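Colleague: I'd love to go through this model with you. Could you take me through the terms as we go?

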Amino acid sequence: MSDAQTVKILGIVGSLRSGSFNAATLRAAQELAPAGMTIEAFDIAPIPLYNEDVRQQGFPAPVEQLRARIKAADGLLFVSPEYNYSVPGVLKNAIDWASRPPEQPFDGKPIALMGASGGALGTARAQYHLRQCFVFLNGLIMNRPEVMIGGASSKFDADGKLTDQTTRDFITAHLTAFKGWVLRLR
Ligand SMILES: Cc1cc2nc3c(=O)[nH]c(=O)nc-3n(C[C@H](O)[C@H](O)[C@H](O)COP(=O)(O)O)c2cc1C
């Protein structure tokens, strides 16, 4: 955990694609984070598919790292696409691994959600499925403001920079509110 002045956020992207709009959104969030907030990224690509037989032998190293980083963070920022109206399997898989006992690391953890998609609804359905998972895990997801970036291909340039000023303003407002949410729950 951080000192009283700063909040340390762990960002997790639900897409493994090199040109991911969601990875680009996390980079924009890192750029737009308010004073007193740091956002580090965790790459879920090395996490294997969940297998209870494997867990019985001990958490694989990438899962141990994820669980440790979650525990050390003051809050989590999930930035994910929507796949088939729900949470992409790679992200659900990472959450499933990290959630296993002992010391379930999401319990009481402040969480913020963002997402970018090609569709008009900007990952709304995936975000509400994520909220449902975190009811069981007692992750404390901030209710609002929400960041749902629809029509993503028109809002980023060829280098993956978020160019849409309205969306940048939404992200800034969201992160400012999230800092307040983390401090309120501390
Ligand atoms: C398997 C799959 C399912 C998808 N389902 C949806 C969907 O339900 N809603 C939506 O808006 N876009 C959907 N898309 C399109 C994604 O929004 C789009 O590919 C987006 O760029 C993925 O995020 P990324 O750029 O971070 O990889 C789907 C894409 C894939 C590959």
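Colleague: At what angle do helix H1 and helix H6 pack, and how far apart are their axes?

Modeller: Helix H1 (residues 21-32) and helix H6 (residues 165-185) pack at about 65°, with axes 10 Å apart. Helices here are DSSP runs of H or I, at least four residues, numbered from the N terminus. Axes are lines fitted to C-alpha atoms over the stretch in contact, and angles run from 0 to 180 degrees between N-to-C directions. Please keep in mind that this is a predicted model, where local features need pLDDT of at least 70, side-chain atom pairs count only at pLDDT 80 or more, and totals for chains, interfaces and linings use all residues. Residues are numbered from 1 along each chain as its sequence is written, and side-chain values use heavy atoms, with hydrogens and water left out.

Colleague: Which residues make the contact between H1 and H6?

Modeller: From H1 come Thr 25, Ala 29, Glu 31 and Leu 32, and from H6 Arg 168, Ile 171, Thr 172 and Leu 175; contact means heavy atoms within 4.5 Å.

Colleague: What makes the link between Arg 17 and the ligand a polar contact?

Modeller: A polar contact is a pair of N or O atoms within 3.5 Å. An N or O atom in the Arg 17 side chain is 2.7 Å from a ligand oxygen, so the pair qualifies. The side chain of Asn 22 also has an N or O atom 2.7 Å from an oxygen of the ligand, and for a polar side-chain atom of Ser 117 the distance is 3.2 Å.

Definitions and conventions:
A polar contact is a pair of N or O atoms within 3.5 Å; within protein, one must be able to donate a hydrogen and the other to accept it, and residues adjacent in sequence count only if both atoms are side-chain atoms. Helices (H or I, at least four residues) and strands (E, at least two) are DSSP runs, numbered from the N terminus.
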